[in-house]
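I opened this notebook to record what I looked up in the structure. The entries follow the order in which I made the queries.

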Amino acid sequence: MKNILAYCRPGFEKDCAAELAQMSSEKGFYGYAKVVPDSGFVVYHFDHSEPAETLIEQWTFNRLIFARQIIAVNEVIHFESGSRVESLLSAARQLPLAEEVWIETADTNDAKALSGLIKKLDKPLKQGWKKSGVLRNKAIGVRHHVFLLDGESAYLGVSYAACRSEFPMGIRRLRFPAAGPSRSTLKLEEAFLQFVPEKKLAKDLTEGMTAVDLGAAPGGWTYQFVKRGIHVFAVDNGPMQKALMSSGLVQHEKADGFKYEPPYTVDWLVCDMVERPIKVAELMADWFAKRWTRRAIFNLKLPMKKRYQEVMLCIELIEERLHKAGVGFQYQIKHLYHDREEVTLCIIAS
């Protein structure tokens, strides 16, 4: 397959395209993006004949910032009259065998109108795939995706376990907890689930640890630590939720998050302060350079234009500062579903 289809948050198509162009060129592949503003997806066309699978299998999903899902595709399939499943199945026979097939669409209001059609097609589509032999249990890690554009056309593609989301439409849907101080708590919950491997959750987020939450009020991010029995230094001049304060796990530090210094090295630093992204990046780099924290999750609030470029500037600053300080580290970065005009980074010192 010669093209890549990436799902993204509506309004971030140019940023997603810029990232695909950069990452592709680093591997020696060049092409161009077809970008439709607010469409919720990007198609990147390559000059070479079949680079899509090659690239996807080389990339790490959590290093793709703006892509919610990424699949290898060819051109749009236009359905023959009254034969949507047959049109798709005919094209599917030209693809690698898969262990499952998903039918999806973009995360836009217009695309939501297709939900009825998706429900109608889901069962006959899967039955057709099974009867035709396109689905095989031995095709481990390979998934077919039908990405509906409208009632008459779709992209049909393939994803690989090494680089993809395991959630339909690339969206991890979470339920807001009744005791949550604010909806921002879902940002940190999603970040933990995205960045901390399930097998390490019990070790990396365990009772008795310590954390600092910069810009904590009213406590949305602090809540995620408290419910796990982790002590939090909540740094903010604003008021914290009373229920959190009564837990006995929160020490409210009425201070400026950019000036606060912890009493000792903590296990976690989190930050969701509204400030220029480069200033937040500098602050996070300082915490690691001074060895005040072992891990951090923080958000960068992005400008309206050249958001990908701004993120890259922040990453370069952090890398330079930590290398200079002799701090080994690993990082992941993602524009999460519960993020809006921001991206979330996770850094772990090694």
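**Entry 1: Internal cavity**

I searched the whole structure, a predicted model, and found one cavity of 30 Å³ or more. I noted that the largest cavity holds about 30 Å³ of space. I then listed its lining, which consists of Y7, C8, G40, R68, T105, A106, D107, F147 and M169. Sorted by class, the lining has five nonpolar, two polar and two charged residues.

**Entry 2: Helix α5**

I next checked the length of helix α5, which covers residues 115–132. At 1.5 Å a residue, its 18 residues should span 26 Å, and I found its end C-alpha atoms 25 Å apart, which agrees.

I also looked for bends along α5. A kink of about 35° lies at L121, shortly before the proline P124. L121 also appears among the buried residues of α5, which I recorded as L117, I118, L121, L125, G128 and W129. I recalled that an α-helix has 3.6 residues a turn, so residues three or four places apart point the same way. With that spacing in mind, I read the buried set again: L117, L121, L125, G128 and W129 are in it, together with I118.

Which elements do the buried residues of α5 pack against? I obtained two kinds of partner: the helix α3 (84–92), and the strands β6 (100–104), β7 (142–150) and β8 (153–160). After α5 comes G133, for which I noted a positive phi, near 85°.

**Entry 3: Helix α6**

I turned to helix α6 (residues 185–195) and found it mostly covered, with ten of its eleven residues buried. I recorded the buried residues as T185, L186, K187, L188, E189, E190, A191, F192, Q194 and F195. Charged side chains are in this set, including K187, E189 and E190.

For the packing partners of these buried residues, I listed the helices α7 (198–204) and α8 (220–226). The strands they pack against are β12 (268–271), β13 (295–301), β14 (329–334) and β15 (342–349).

**Entry 4: Residue I77**

My last query concerned I77, which lies in strand β5 (residues 77–78). Is I77 buried or exposed? I77 counts as buried because its relative accessibility is 14%, and buried means under 20%.

Leaving aside neighbours within four places in sequence, I found I77 in contact with S87, L88, A91, E152, S153, A154 and L156. I also took one separation: I77 and L148 are 71 residues apart in sequence and 9.6 Å apart in space, C-alpha to C-alpha.

Technical notes: Residues numbered from 1 in each chain as written. Predicted model: local features only at pLDDT ≥ 70, side-chain atom pairs only at ≥ 80, totals over all residues. Heavy atoms only, no water. 1 Å grid on protein atoms, 1.4 Å probe; cavity = no way out; pocket = protein on both sides within 12 Å on 5 of 7 lines; lining within 4 Å. Points joined across faces, edges and corners; volume = space filled by probe spheres on them. Buried < 20%, exposed > 50% of the residue type's maximum accessible area, 1.4 Å probe, protein only. Helix = DSSP H or I, 4+ residues; strand = E, 2+ residues; numbered from the N terminus. Contact = heavy atoms within 4.5 Å. Expected span 1.5 Å × (residues − 1). Bend = angle between axes of the 7 residues up to and from the residue.
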